[in-house]
Structure formats: C-alpha cells, structure tokens
Amino acid sequence: MLRITAALTLSTTILLSACVSSNPAPSPSAETTFSLADVYADNTFQVRRFATSRWLQDGSGYTTLEASDNEGVDIVRYSADGSEREVLVSANELTPEGESLALNVADYVWSDDAQKLLIFTNTRRSWRTHTLGDYWVLDRNANAGSGSLVQLGQEFSEATLQFAKFNPQGDRVAFVQNNNIYVQALADMTVTQLTFDGSEDIINGTFDWVNEEEFYLRDGFSWSPDGRHIAYWQLDTSGVPLFTMIDNVSQLYPTLTQFPYPKVGETNSAMRIGVLPSDGGDTTWMQIPGAPRDHYLVRMQWAGNSDELLVQQMNRAQNTMHLWVTQIDDGQVQHLLSEQSDAWVEQVDDLQFFNQGRSFTWLSERAGYRQLYRVDRSADGATITPLADLNAHAYDVIDVKQIVSDRSNQGWVYYVAAPDNPLQTVLLRVSLTGQQVERLTPTEWPGYHDYQISHAGDYAIHTVSRMGQAPQTRMLALPAHSTVAELEMNHALSQTLAQRVTSETEFFCVPARDGLELDGYMMRPADFDPRQSYPLVMYVYGEPWGQTVADRWSGHSWLWHEYLTQQGFIVVSIDNRGTRAPRGQAWRHSIYQQLGVVTVRDQADALDHILAQSPYIDGNRVAIWGHSGGGSQTLNALFRYPDKFHAGIALAPVPDLRLYDTIYQERYSGLLPDAADSYAYTSAVTHAANLQGKLLLVHGTADDNVHYQGSERLIDELVAHQKQFQFMSYPNRSHGINEGEGTSLHLRTMMTEFLHDSLLR
C-alpha cells in the first residue's frame with residue numbers, strides 16, 4: 001500500500017476516493033501564476049547564494065566577496081561572531097596597473113599567513129570545467145602601486161595556466177601550463193620548468209577527460225609540507241581511441257574536435273605518480289604494482305609528513321582498492337589496507353592525518369554502511385578501528401566536513417549523515433578516540449543541511465533548504481548550533497514562491513515487488529479534485545550518481561514540475577534501488593549489472609501501487625522523463641513496460657551502454673568480454689522494437705560526455721522497426737543542453753507541449 005512518511009509530509013493527507021468521475025480533469029488553463037520564461041529567461045526565481053568564503057587559518061574569522069562601491073569586488077574579513085568587519089583587499093588593489101577595471105575574481109586562495117592572495121580569473125573550460133585561466137598574486141606586505149599585484153606566467157598565452165597554488169611557505173607558486181609543471185618564485189618572478197615531456201599524449205599535473213569526469217581528478221600535483229618536493233600524476237594517453245565531434249554551425253565548413261575518450265572495453269590512459277625537487281631535478285617514480293593501463297590511481301596525498309605519500313589504487317573492475325604508502329626517495333611501497341566488494345568500491349576523499357602523522361581517518365563500507373574508521377600505522381602495517389559503534393550508528397556518512405585534532409590525540413570528526421531519514425541530512429561529530437557520537441543539528445530543524453566549518457570547529461557557515469523552500473544561509477556557533485547571524489535568507493525568493501507556488505507536495509514510501517520500500521514524492525494541482533482523473537508525469541534518474549527524492553531545494557526542475565501541476569498534471573518521482581541515497585551498500589550495489597532492468601522494474605512496481613491507491617490518476621495517461629542516466633531509464637521504461645508508460649522524454653540518454661566511458665560504465669556493468677551479454681540485455685537500444693507510446697528524444701550535438709552518437713544509433717534501430725517518434729538535436733550544446741541564447745526556455749517549452757499533446761489531447 002501507499003504509505004506516507006508523516007514526518008516529511010508537506011501536505012499531510014493523500015486524497016483518495018472510491019468514487020472517481022469517468023471524465024478527465026478539465027483541460028489546462030492558460031492562466032498560471034508564472035510562465036516558463038519567468039523560470040528560464042527572466043530569473044524571477046533566482047536563488048541568491050552567499051558569496052565564495054574562506055575560513056582564515058589563524059581563526060580570526062572568514063573572508064567573503066562583496067560588491068565594491070566602485071566596480072568590482074572587495075574581499076572582506078568578518079569575525080565569526082559578526083562583531084568585526086574589515087576590507088582586507090579593495091577592488092582598487094585588485095585592479096592591474098594601467099587598467100580601469102578590477103580583476104573578475106572567479107576564485108581566490110590565501111597563503112597560510114594570509115599576507116598573500118592568489119586570484120583565479122579570465123577562466124575557460126579545459127574538458128567540462130573551468131580549470132584554465134590567468135592567475136595573479138597580491139602581496140599585502142608590498143607597497144600599493146609598486147608591483148604588489150602581479151600576474152603569474154606572463155610569458156605564456158592568455159588563460160592557459162591551471163591549478164596554481166602557494167607552497168606552504170608562501171614564497172613560491174606552482175602551476176600547470178600545457179601539460180607541464182612550473183614553479184615561479186615571488187621574490188624575483190623567475191620561472192623554473194620542472195617537467196619537460198608534456199605533450200598531446202603525456203599529461204603532467206592534470207588529467208584526461210575520463211578521470212576528470214568520473215573520479216573528479218583535475219588538480220594533479222601537490223607541494224610537500226616542507227615545500228622541498230612536488231608529487232604529481234603523469235598520464236600517457238597514447239593508444240586511447242580518439243572521439244570526434246563535429247561542429248556544423250560555427251564556420252562555413254564543418255570543423256572537428258578530437259580528444260581521447262575510452263569507451264567500455266577500450267584502452268585506458270597509463271597512470272603513474274612521481275616526486276621531484278621543487279627547484280628542479282629528476283623524478284622518482286613510485287613503484288606501485290600492477291599494469292598502469294589496467295589500474296586507476298584514484299587519490300594521492302602526503303602521508304602526514306614530507307617523506308611519504310599515500311596512494312589509493314583500484315583495479316580496472318573497481319571492486320578492489322589497495323592503500324599504499326610510498327617512500328619518495330626511492331619509490332618503494334608498503335601495503336596498508338584493502339577494500340573489496342562483489343560490485344564496486346569507492347575512493348576515500350576525507351582522509352586526514354592526526355596523532356603527529358601516525359593516524360588518519362578512513363571511510364569504508366566493509367560493515368554494510370559508509371562509516372568512519374581510524375587507521376593507526378605501525379612498522380608492519382596498519383590497524384583499522386571504527387570510530388563509532390557500528391550497530392548503534394548503522395547509517396551512511398555522506399560527507400566529512402572538518403577534522404579538529406590537537407597534539408594530545410584528542411578531537412572530533414564533523415560529518416553530515418542521514419541517521420533517521422534518507423531524505424534529510426544533519427551534522428554529527430564523533431570523537432577521534434572513538435565511540436562518542438553527538439548530533440549537532442537540532443531535531444526541530446528539518447531539511448537538507450550543509451556546513452562549511454571553521455578550522456577550530458567552533459563556527460560554521462550553514463545552509464539549509466527543503467522541498468519548495470529556498471536555501472537559507474546562517475553563521476552558527478558550534479557545538480550549540482545557535483544562530484550568530486543571518487547571511488543570506490532569500491527573503492525575496494521566499495515571497496515569490498509563496499505568491500506563485502500552488503501545488504500540494506508530499507513524500508511517501510511505496511513497496512517494490514520484493515517488499516523493499518522506495519522513497520517518492522507527489523505534487524498535485526492546487527485545485528485537485530479526487531473525483532476527477534489526472535494524467536501522471538514521472539521524473540526519474542535511477543542511476544548510482546544521483547538522488548531525486550530528498551527534502552531539499554531542487555531548483556528549475558522542481559519549478560517546471562510546479563508549472564505542470566498548474567497545467568493539470570500530477571507529478572511523481574521515485575528513487576529506485578541503486579540510486580545514491582544514503583541507504584547502505586546493499587541498496588546501492590543491488591543494481592550491479594542490472595541498470596535498465598531492476599531500476600525500471602522498481603519504477604513500474606511503484607507505478608502499479610500508486611495507481612492502485614490513487615484512483616484519481618488515469619493509468620492510461622502516464623509519462624516518464626529524465627536527463628542523462630534518467631534519459632536512459634526513460635527509454636528502458638518505455639521499451640520494457642510499454643503497457644504502463646505511454647509517453648516519455650529522454651534527454652541526452654545512453655541508449656547503448658557500450659558507448660559510455662570505461663570508468664563509470666565498467667564500475668556498474670562489469671568488464672568485457674565477460675559481461676558482453678549483460679551489456680546487450682541492459683541497453684535500451686536492444687529493446688527499441690517494443691516502443692508503443694510516444695517518445696521525444698533530445699540530444700546536444702556537442703555533448704562530450706554522453707555522445708550524440710548513442711541517440712543516432714537508437715534512431716537507426718527505431719527506424720528499422722518502423723517506430724515513429726519525435727527528435728530534437730541542439731547544435732553545439734553540451735550535456736546540460738543549456739548553452740546558447742534561449743536554449744533552456746526552448747527545451748522546456750517543447751517538453752511541455754509534448755506532454756500536452758501526448759496526455760491531454
């Protein structure tokens with residue numbers, strides 16, 4: 001039966017009726033409280049975010065960006081309690097000599113002593129993110145107007161530097177340029193080139209497309225704590241097949257873009273890690289075992305000292321990860337621990353040393369949930385101990401926010417988790433000595449919480465949102481969780497939402513055929529009448545990379561769903577098993593080699609139960625839509641359950657899983673040739689002949705992530721089986737399908753009209 005999770009319900013009752021009119025609900029009125037242009041063109045629902053902020057190492061407060069009285073921004077310091085405000089760097093100081101405009105600050109970083117400021121500006125995309133640009137250093141000790149603001153790497157082309165960072169002493173900056181690593185001394189601005197073999201194939205200090213996208217590996221080098229060495233990744237992309245994209249519109253004749261992209265079963269880049277002196281010299285390569293093209297070096301960091309590195313290495317199947325400690329003088333390695341799974345393992349991002357470098361924190365799913373452990377090193381290896389009672393705290397740690405420790409080995413790990421409900425997050429802390437766990441977020445503060453915690457753990461910049469409630473940002477004192485100041489409350493947007501949003505929304509749980517409960521939400525029209533009959537739109541993602549059902553602000557997609565309710569639709573979203581919900585390893589791993597099968601079976605089961613309990617929903621007018629992985633699941637739902645889903649919108653889908661990249665797809669679907677039959681069966685294109693309903697297929701031709709190629713293969717298959725459908729390609733749009741004037745509005749208008757034509761006429 002359909003069961004409401006009362007603690008999360010925004011509208012406290014499901015309106016069911018045994019007497020439902022045989023007539024459909026009236027056709028939608030053109031009178032809505034807002035237009036699609038209000039959402040996608042006019043910024044009527046714009047969310048205000050608190051500006052980029054940095055906690056200062058000395059504990060004196062934080063800095064943030066504020067609009068200057070002149071053009072540009074000032075960098076302002078506030079004490080955490082709000083009692084002090086000081087302009088540390090004015091827009092005038094950020095204006096290069098001879099220029100009239102201040103630098104456009106995309107990002108900034110302080111040296112440890114906060115006397116120097118590194119500014120990232122004039123940015124552009126490398127692969128999918130803006131990692132290329134120009135860097136400037138402001139020396140606050142220098143006399144203003146006498147070279148205190150200087151540009152790094154002036155001898156290089158504009159906007160070609162990456163990942164510039166101060167050494168710990170704050171007198172040098174290292175950066176990547178054209179796949180080589182350089183160091184620039186700030187005293188005399190001399191530049192020393194450290195690597196010389198960077199080329200189209202050899203990448204030093206950064207990464208190829210697939211590692212950037214799937215492992216979030218972008219910045220590929222690190223200063224040693226004493227500043228004497230730099231550790232870095234090197235990739236060899238030779239032998240990786242090139243993917244080609246065609247641009248038909250920018251010039252008179254088509255132009256081509258090529259880049260290494262390993263599809264399932266193809267050759268990966270070779271990876272290795274080396275260390276070299278920061279003033280120049282030979283690289284010492286770490287002797288990590290295993291074939292470089294059949295393993296991934298997913299994380300690397302200094303091991304709490306300047307003599308060793310910690311390296312996380314996965315096999316290609318990603319079901320085993322080894323943690324190695326390496327000696328930088330000769331590259332020798334020692335094994336510390338391993339993680340294994342029948343499906344896949346996850347890299348650990350939140351590893352931090354304490355106890356004078358002899359201990360560090362670790363995250364593992366070895367007990368069934370992603371939980372915190374303490375690792376203590378010894379001469380012959382390491383011991384691993386859970387920080388909390390695994391039975392009393394059987395839930396997933398979502399994100400480690402801060403680790404505060406002292407020389408006496410005392411301290412806390414602050415982390416976000418969902419201990420009581422997978423739809424709402426809270427802040428907790430656990431003692432580094434183990435067992436003592438405290439919840440800091442009050443129970444009377446429901447919603448989805450995020451925290452940026454000071455180095456001492458005494459204050460936090462805190463943001464909370466709920467479904468339909470815009471994000472609110474405050475300064476909090478910890479551990480009391482008391483409000484010190486309101487930083488950005490989005491009052492204007494809250495008023496707009498109160499005036500324009502009319503739907504009723506509720507969270508609920510619904511069982512799959514095996515009894516497993518799935519989370520969902522339902523949005524109904526404001527004039528909902530249980531005696532009428534309504535069409536249903538289901539929103540799906542369904543893959544291990546996302547969670548659609550959570551008590552948080554969901555932005556434009558939620559607003560579009562609200563718009564649909566004002567058009568006469570009911571909107572539902574279900575998180576099937578396997579989604580990135582904090583519900584344990586078994587939940588997530590249950591879809592291994594079953595993408596497109598178990599995932600959409602859960603969606604179909606949920607639909608059956610919703611229809612059985614909600615007679616006001618017309619079971620003959622059901623649509624489903626999704627983007628990326630959600631587009632893939634939409635296709636599978638239409639093709640595998642054509643009697644249940646009568647229309648679908650698939651945006652940028654992967655119709656054939658063999659066309660996606662090695663890291664993502666092999667992680668969840670296995671390796672070729674062993675999993676060849678599974679790839680064929682789980683790919684939507686295999687079942688295209690079953691299409692009965694209406695399909696709108698949409699793809700950007702410049703999608704470097706989910707390639708346009710896949711939609712063309714699907715089109716061929718649909719044509720071969722004489723299946724009619726609608727198709728829209730957006731020239732030179734990437735995976736988000738949002739570049740170019742008017743694109744988002746055009747797309748959502750087309751989607752809305754398709755649903756009208758498919759379900760209302």
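A residue is called buried here when its relative accessible area is under 20%. That term returns at several stops of this tour, which passes through a predicted model.

**The whole chain**

Begin with the entire chain displayed as a cartoon. It contains 11 helices and 44 strands. The radius of gyration is 27 Å, close to the 27 Å that the globule rule gives for 761 residues, so the chain is as compact as a globular protein of that length. Along the principal axes, the C-alpha atoms fill a box of roughly 80 × 65 × 60 Å. Switch next to a surface view: the accessible surface comes to about 30,400 Å², and carbon and sulfur atoms contribute 45% of it. Of the 761 residues, 57% are buried. Among contacts with a separation of 6 or more, 60% link residues that are 24 or more positions apart.

**Residues 562-757**

Select residues 562-757. An unreviewed UniProt entry lists this span as "domain: Peptidase S9 prolyl oligopeptidase catalytic". The span is 41% helix and 17% strand, and its end C-alpha atoms lie 19 Å apart.

**Helix 7**

Now select residues 629-640, which form helix 7. From the first C-alpha to the last, the 12 residues of this helix reach 16 Å, close to the 16 Å expected at 1.5 Å a residue. Is helix 7 mostly covered or mostly open? The helix is mostly covered, with 12 of its 12 residues buried. Among these buried residues are G629, G630 and G631 at the beginning of the list, and F639 and R640 at its end. To see what covers them, add the surrounding elements, including helix 6 (598-613), strand 41 (617-627), strand 42 (647-651) and helix 10 (708-720).

**Strand 16 and its partners**

Move to residues 229-236, strand 16. Seven of its eight residues are buried, so this strand is largely enclosed by the rest of the structure. Three pairings can be followed from here.

- Strand 14 (residues 202-204) runs antiparallel to strand 16 and is joined to it by three bridges; I203 stands opposite L235.
- Strand 15 (residues 221-223) pairs with strand 16 in the antiparallel sense over three bridges, and F221 stands opposite Y232.
- Strand 19 (residues 270-277) pairs with strand 16 in the antiparallel sense over eight bridges; here Y232 stands opposite G274.

Y232 thus appears in two of these pairings, facing F221 of strand 15 and G274 of strand 19. Before leaving, select G227: it belongs to the hairpin of strand 15 and strand 16, which has five residues between the strands, and it takes a positive phi near 75 degrees.

**An open sheet of four strands**

Select strands 25 to 28. They form an open sheet in the order 25-26-27-28, with antiparallel pairing. Strand 25 (353-354) and strand 28 (381-386) stand at the edges with a single partner strand each, so one side of each is left without a neighbour in the sheet. Two bridges join strand 25 to strand 26 (residues 359-364), and F353 stands opposite F360.

**L103**

Finish at L103, in the loop between strand 5 (85-89) and strand 6 (107-110). Is L103 buried or exposed? At 11% relative accessibility, L103 counts as buried. Display its contacts: not counting residues up to four places away in sequence, L103 touches L94, P96, I119, T121, W136 and L149. For a last distance, select Q424 as well; its C-alpha atom is separated from that of L103 by 39 Å, with their positions 321 residues apart along the chain.

Notes:
Residues numbered from 1 in each chain as written. Predicted model: local features only at pLDDT ≥ 70, side-chain atom pairs only at ≥ 80, totals over all residues. Heavy atoms only, no water. Pairing = 2+ DSSP bridges. UniProt positions renumbered as here; feature names shortened; annotations may be inferred. Buried < 20%, exposed > 50% of the residue type's maximum accessible area, 1.4 Å probe, protein only. Expected span 1.5 Å × (residues − 1). Contact = heavy atoms within 4.5 Å. Rg over C-alpha atoms; globule rule 2.2 N^0.38 Å. Areas by Shrake-Rupley, 256 points an atom, 1.4 Å probe, with all protein chains shown as cover.
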